[in-house]
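Got the viewer open and a few minutes to spare? Let's take a walk through this one, a stop at a time.

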Amino acid sequence: MTTISSMDVSHILDQLNKPQREAVSAQSQPILVLAGAGSGKTRVLVHRIAWLIQVENISPFAILSVTFTNKAASEMRGRIEQLLGSPIGGMWVGTFHGLSHRLLRQHWQEANLIQSFQILDSDDQLRMIKRVTQSLQLDEKEWPSKDSRWYINNCKDEGIRPQSIEDRGDSTTQQLRTIYATYESACQRAGVIDFAEMLLRSLELLRDNPNLLQHYQQRFRHVLIDEFQDTNTLQYAWIRLLCGDQSPPFAVGDDDQSIYGWRGAKIENIQHFTHHFPQTNTIKLEQNYRSTGNILKAANAVIANNEGRLGKNLWTDQGDGDLIHLYTAFNELDEARYITSRIEQWVNESGQYQEIAILYRSNAQSRVFESTLNEQAIPYRVYGGLRFFERAEIKDALSYLRLTVNRHDDPSFDRVINQPTRGIGNKTVDIIRHYARSNSLSLWDASKALVDANSFTARAGNAVFGFLTLINHIANTIIDLSLEDQVEKVIAASKLKEHYLKKDKGDLGQARVDNLNELISAAQGFHYRPDDEHADMDFLTAFLSHAALEAGEGQAKAGNNCVQLMTLHAAKGLEFPLVFLTGMEDGLFPSQRTIDEKSKLEEERRLCYVGITRAEKQLVISYTEQRRLYGSISYNLPSRFLDEIPSSVVHEIRPKTNVWQRNVQTPKTKLKSTGKINETGIKIGQQVSHGKFGEGVVTDVEGAGEHARAQVNFKFSGSKWLVLNYANLKKL
Ligand code: ATP
Ligand code: MG
């Protein structure tokens, strides 16, 4: 190694302000950087790593840095390498899941796992819990698997195993505990772990193996955490364990951006931090470098409505910049087309697609954007949503691959035993499941035993035997092939393409075949570096783990010049010159579930703050007057968060009336044809008052029951169509 300390390190401190420099160059002690959006927290963390390596002569090997999404982790990795001017070698940079997974792979024996253990995504987990519920002969209606999943994951996030759940004689808890315990043994038998298990198991691995713990505590002398406000109990415990008494943690976060309370994140960890690490130096950053003054004013004004904030005063010296644009769309198509036209304008004025993000509250909103962008041939990439590796055909192919690695992988076995159909009916599968359960066998071993004992009808027996032979045959033939050939061979031998072309006629079938081909390309492009997350694994296992961990493979490849589509949750930590904040309607954002509960509504407001603060130069906000989502049409009011943005920073753009009506029959004509009147007694000419729009006069009424709508001409807000069920109009 060169004598780094003699190097010029001004590049590490030059582009930092005073408190940022203080954090980056602090003595070895616990540091908590608590600051608002865009104030340089991530930048400080990255520069701190460079400082440790180049000034303090700390080996990259002794550094662990953790964040929340794969995208944020790969950006962090890139930024560190850029600053250092060299690859980061043995440093551990990743997500909590990625790093836990890495620990478990390296120490699978101590973690009581099989070497080829596989990861269950939440969909697989649900299927597994369903089977467990059936095996316990519980009524699925009374014990919905989704609720059990929530319960199990919650327990795991809190570090609670079934045996440590307190028995207070409450029969519901007792039953859930049984489901949890049975599910746990089923996973253990099948050699699979779910996402929450990954963290808990790696925590227990360290906790219960003092030598191992000592090894890692001595190795990681510096532990850095981005987005600290969103750590849950388990993640925080994991950090404390790794740090031990020796390694001071370096955490950066923002209480105003805590958006994962619904998943167990504990904003209180910020307070716990200074308590657990009494020597903590807390540093505040107040200058924002990301956004224009107007964007910042909007963000500050919105978040000011939350109570109990730690409170900070973000400012910028960038000037006000453009006003925020607010577009009232007729419907979601109009919204998408307006956004597309703005994207084209941006690019025509020499902007780039990659500088643009379209953000939404709910994944389902992406579909309309996608089709409109496609129509206009605008390249885009979707993060999250139905991820590539979660698509049915891809999961089928992966299940075959997983079975070749581990025959006892029950979820995979269950998924493909009759996929494509090979004459193995539900009855036969039930016999296998039952036998497996009663004899504590995997589905694979149970099938083998039943075939050997001639327990099936001749036809079913042949079919099951055929399936077992097929898997063994595939496993034997792919053993020495390259990863890409392995994937290709499995897809061919499983006859999945033929199956889908027959089952899903037309475009859908073809799209599935395209996806299967894309899986071969993914295998082709998969790089396995022994020093990365998949250390000590064979190629296929590494690829399968990657598939399970990868959060959000999109339509375009990473790094391409394309528009970025993502949920607000996925946008945390990122920044873009032009941001579209879409679907700003009450019921959608804030979402309906959160409106009546203060703490939930405040979390939505923080999400809104996150959304606004992603924008650097231009923010365009949109809402629709009517929206088709989840198959039905709703007429929502503009989001209450819009009222919290000062009108002085907003430029309202009126819709071009009825330019982009949908082709299908509009609800208006459909409702009129019913000829009924509404049951609320609201008539044309009635004086009414509305909680938000004030007083007005009813000028039109149509539809019946839940579809009844009225047009009201409000004194101050103009004419609006409202759904009577929700509008809560008071007659005057
Ligand atoms: P978030 O809360 O959204 O995660 P953050 O606090 O992590 O934001 P960064 O992403 O680190 O903020 O920084 C925001 C932007 O400001 C980045 O583009 C960063 O490079 C830039 N920046 C931060 N500090 C400075 C500085 N001192 N001088 C110039 N640019 C800076
Ligand atoms: Mg950040």
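Before the first stop, one term: a residue is called buried when its relative accessible area is under 20%, exposed when it is over 50%, and partly exposed in between. Keep in mind, too, that you are looking at a predicted model.

**Stop 1: a covered helix.** Select residues 539–549, which make up helix H24. Of its 11 residues, 9 are buried, so the helix counts as mostly covered. Click along and you'll meet the buried ones, including Leu540, Phe543, Leu544 and Leu549. Some small side chains belong to that buried set as well, among them Ala542, Ser545 and Ala547.

**Stop 2: the ligand.** Now select ligand 1, which sits in the second largest pocket. Which residues come nearest to ligand 1? Show Lys41, Arg43, Gln257, Glu575 and Arg614: of the 20 residues around the ligand, these are the ones. The surrounding shell is made up of 3 nonpolar, 10 polar and 7 charged residues. Helix H3 (residues 41–54) supplies the largest share of that shell, with 3 residues.

Zoom in on the polar contacts next. In the side chain of Arg43, an N or O atom is 2.7 Å from an oxygen atom of ligand 1. Gln257 also has a polar side-chain atom 2.7 Å from a ligand oxygen. With Ser39 it is the backbone you want: one of its N or O atoms lies 3.2 Å from an oxygen of the ligand. On its own, ligand 1 has 640 Å² of accessible area, and the protein covers 86% of that.

**Stop 3: two unusual peptide bonds.** Most peptide bonds are trans. Go to Gln419 and Pro420, though, and the bond between them is cis, with omega near 0°. Pro420 is in the loop between helices H17 and H18. Then jump to Phe589 and Pro590, where the bond is cis again, with omega near 5°. Look for Pro590 in the loop between strand E13 and helix H25.

**Stop 4: two positive phi angles.** Most residues other than glycine have a negative phi. Select Ala377, whose phi is positive, near 55°. Ala377 is in the loop between helix H15 and strand E11, and it counts as exposed because its relative accessibility is 63%. Ser440 has a positive phi too, near 50°. You'll find Ser440 in the loop between H18 and H19; at 48% relative accessibility, Ser440 counts as partly exposed.

**Last stop.** Finish on Asp485 in helix H21, which is partly exposed at 34% relative accessibility.

How values were computed:
Residues numbered from 1 in each chain as written. Chains lettered and ligands numbered in written order. Predicted model: local features only at pLDDT ≥ 70, side-chain atom pairs only at ≥ 80, totals over all residues. Heavy atoms only, no water. Helix = DSSP H or I, 4+ residues; strand = E, 2+ residues; numbered from the N terminus. Buried < 20%, exposed > 50% of the residue type's maximum accessible area, 1.4 Å probe, protein only. Near = heavy atom within 4 Å. Polar contact = N/O pair within 3.5 Å; in protein donor to acceptor, adjacent residues only side chain to side chain. Areas by Shrake-Rupley, 256 points an atom, 1.4 Å probe, with all protein chains shown as cover. 1 Å grid on protein atoms, 1.4 Å probe; cavity = no way out; pocket = protein on both sides within 12 Å on 5 of 7 lines; lining within 4 Å. Sits in = over half its atoms within 2 Å of the grid points. Nonpolar A, V, L, I, M, F, W, Y, C, P; charged D, E, K, R; others polar.
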